[in-house]
Structure formats: C-alpha cells, structure tokens
Amino acid sequence: MTPRLRLVLALLLPIAAGGLQWLLWEDWIKPYVWFLFFPVAFFSAWLGGLAGGIGSTLISALLVWYVFIPPPLSFTLPSSAAFPIVVFIGMGCLFSWFHEKLLRALSSSEGRFEATFEQAAVGIALVALDGRFLRVNHRLSTIVGYAPEELMARTFHDITHPDDLDANLTYVRRALAGEIDTFTMEKRYFRKDGSIVWVNLTVSLARKASGAPDYFIAVIENISDRKLAERRFRQLFEQAPVALATSDRDGNLLLINDAFIDLFGYHIEEIPTIADWRTRVLPDAGQHTAPERDWSSKWPAEQPAELVEQSVLCRDGSRKTVLLSRLRLADEMMLAATDISQRKAAETRLRERNAELERFDRASIDRELQMIVLKRQVNEMARELGREPPYDLSFADTLPP
C-alpha cells in the first residue's frame, strides 16, 4: 500500500465513523459523542502517520462538534463541550506523534536490516520449514550462480550435493524436534553451471511467539578456496618422501603419511598420541627429558623448527638413525622424521677408510725412512772401499742420520 493511499484512507475513516455513528445514534450510542472517534483517531495515526492522524483528528472533532454536540447540525459550542474537544484533539495529536515515532524507528530498523542482509559478505537465506528459499541475499546468489527469484523457486534439497543431503536433513530434524537450536556443517552446493562449491553452513531456527518453529535462518560462507588449499596440502602431505605427522595441542595424532608408516612401521591406530609414539620408538629413558614428553610444553607462540638426531626403535626391531624436527602450524604441530641411517653408515665407513689410509701412510713413511738409512750405510761402505756411492741421497741430506 502506497503512502498516499494510506493517507487518503486515514482521512476517510472519520467520515465513515461519523456515518455509522449517525445511524446508531438514537438507539445505541447517544449521548456518547466520542464513542467511535477515539478508535478512529488511533487507527488513523497508525494508518497515515503524523499527517493522517492529525488530519483525521481534526475532521473527527469538526464532525462531532457540528453533528453530535447539541444543538445538532450547528457550530454553536456550549461552554461545557469545549474542554472535551480540546482533550480529544490533544489525544489525537499524541496518538499521531507516538505512531510517527514508532514508524520512523521501525523504518530505521528495517533499513538497517535490509542493508545488513543485502550487503553482508556472506550468503544469508530465510528458509521455510519444508526447505523452500523464502528470501536470499545477493551474496548467496553469487555463490550458487542463481538469481534470487530462481533460488526462491527451489528448495535447498535441489542444490545440495547428494552425499551431504542426509547429514543436512538429520540436523534439520533435530532442530525441529527441539534437540538443538543451531547447527554448523560443511557441505557442497551445485552451482547453476553444474560446478560444485564448498560452503560452511550455519543455521538457526526462528520460532513464533507461541514457541512453534517458524523458519530457518541460514548463513552461508564460500570455503572453496580453503578446501582447495586443504586438498593440495593433503596431497603434498601424503606424497611427501619425508615421514610426516600432525597432532593437536593435546598431543593427539591427527594424520600420518605413508612415509611415516614405512619408516616406523606403526599405523595411527597403534600410536594415537605423540606420547604413545615416543614410548615405542624412543624406549630409552635418556633419549627424551620430561619436558619433551609433555607435548603441550613444546607449544611456543613462535619458534623455528628444531632438529634433533635420534636413534629410534622400529616395529620390526631394527634400529634407525633419524633426524626429527617439529614445527607449529596454526593449532596443530607437525613432526617430520628423515631417515639418515644410510648417511650415518656411509660416514662411519668413510671414517674407517680414512683411519686405514692414515695407518697405511704411516707404515709407508716408516719403510721409506728405513730404506734411506740402509742406503746411507751402503754409500758409507762404498766410500770406505774407495768406490763411488751408488745412491744419490742429496734429497735426504736434511734428514737426521
């Protein structure tokens, strides 16, 4: 209804009330001259606002004065009738002012709601109990690719991925049964072009004044980018050549990759916590101190990854040397283990070869020195016999005899 039409109806109300009161005047209403006009003043203010209320009040006052206050059909005003007219006009103006304030407050509230609803950075929908979209905002239309009128011709069942629909409906049934007031879940929608979009859905149930369910309020956030990043991280995590495991703040293992299983021989069901893993692979008490056993004590706000070389006991009973490091990732801790057993074995073999070479070098030098001494003796004997020394030992003149 347009504001102009509401104003016209507000101004016509006192005329209609005057006609009705004239018909019922002699048998039912007389002498209560204001009987129908106080309700008219109130409803005219509600219908037409300040202008409609005041206009209707003044018309009502004139009608009562002219038609119903003795002498009838005359503007002669007895002194006793002046005060009721003033009171009526005052009350009508008060009704009008009060309703105008209410209308402005309501309009302002509705304006803020409209701005919040339409300009929100997340999708918002009002959903009927049977799943029909009653109202959707622009952001939700953008997320799923449907125009608002197209969405409101559908139900959430129509655009929900089949693998997520049962879980969604279970939450809905629990909400309608009064078991929960709100619920949150991650689910997939089919966009208009057939592609899939991941969303984080938060739903609350609005109720009537009687407490009966009325409709659902749904807030939908597009999390496709986050899901893509998680999928890529999971692929990198699973395919990494390094043994990796993640845990929560309490030390409960969340994920381990195949390289972790290959290295230590344990599945996550066998080592559900970091403490269980330590107990099995680091059985020697001296390998970790009490603070290291408490995973939460190693939860710094910011700390670079630390590297620790450890000898670990694997499930098959073999010993391996690994390089352990851990790094905090948001609310999770990542443990990385690199098998350096072959490198350590190669280093050991290299040290052994170097030691052998040093022993050989020392033995070779000793033999050379002994040969030089023998050659000197031969040269001395040759000189004593008056012969030329057979060996040139000028290079060894600096050596001690």
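**From the PAS spans to helix α3 and the loops before it**

In this predicted model, the stretch from residue 109 to residue 179 is 58% helix and 13% strand, and its end C-alpha atoms lie 32 Å apart. The stretch is listed in UniProt, in an unreviewed entry, under "domain: PAS", together with residues 229-271. In residues 229-271, helix makes up 42% of the chain and strand 21%, with 27 Å between the end C-alpha atoms.

Helix α3 covers residues 79-119. How far apart should the ends of its 41 residues be, at 1.5 Å a residue? The expected span is 60 Å, and the end C-alpha atoms are indeed 60 Å apart, so the two values agree.

The next point is which parts of the helix are covered. The buried residues of α3 are A81, I85, F88, G92, S96, H99, E100 and F117. What do these buried residues pack against? Their partners are helix α2, at residues 37-68, and the strands β1, at 123-127, and β2, at 133-136.

Other residues belong to the surface. F38, L50, F83, V87, M91, L94, W97, F98 and L102 make a nonpolar surface patch of about 840 Å². Both α2 and α3 contribute to the nonpolar patch, each with at least two residues. Helix α3 gives the largest share, seven residues.

V87 serves as an example from the patch. This residue sits in helix α3. Is V87 buried or partly exposed? Its relative accessible area is 33%; partly exposed residues fall between the 20% limit for buried and the 50% limit for exposed, so V87 counts as partly exposed.

The loops before α3 hold some backbone details. In the loop between α1, which spans residues 3-29, and α2 lies P31. The peptide bond leading from K30 to P31 is cis, and its omega is near 15°.

The loop between α2 and α3 contains P71. Here too the bond is cis: P70 and P71 are joined with an omega of about -5°. L73 also lies in the loop between α2 and α3. What is the sign of phi at L73? Phi is positive, about 55°, although L73 is not a glycine. With a relative accessible area of 51%, L73 is over the 50% cut-off and therefore counts as exposed.

To review the path taken: α3 has buried residues that pack against α2, β1 and β2, and α3 also supplies seven residues of the nonpolar patch. In the loop between α2 and α3 are P71 and L73.

Technical notes. Residues are numbered from 1 along each chain as its sequence is written. This is a predicted model: local features need pLDDT of at least 70, side-chain atom pairs count only at pLDDT 80 or more; totals for chains, interfaces and linings use all residues. Side-chain values use heavy atoms; hydrogens and water are left out. UniProt positions are given in the numbering used here, feature names are shortened, and annotations may be inferred rather than shown by experiment. Helices (H or I, at least four residues) and strands (E, at least two) are DSSP runs, numbered from the N terminus. The expected span of a helix is 1.5 Å times one less than its number of residues. Buried means under 20% relative accessible area, exposed over 50%, partly exposed in between (1.4 Å probe, protein chains only). Contact means heavy atoms within 4.5 Å. Patches are made of residues with over 30% relative accessible area and no salt bridge: like charges are joined within 9 Å, nonpolar side chains (Val, Leu, Ile, Met, Phe, Trp, Tyr) within 5 Å. Accessible areas come from the Shrake-Rupley method with a 1.4 Å probe; for residues, only the protein chains shown count as cover. A salt bridge is a side-chain nitrogen of Lys or Arg within 4 Å of a carboxyl oxygen of Asp or Glu.
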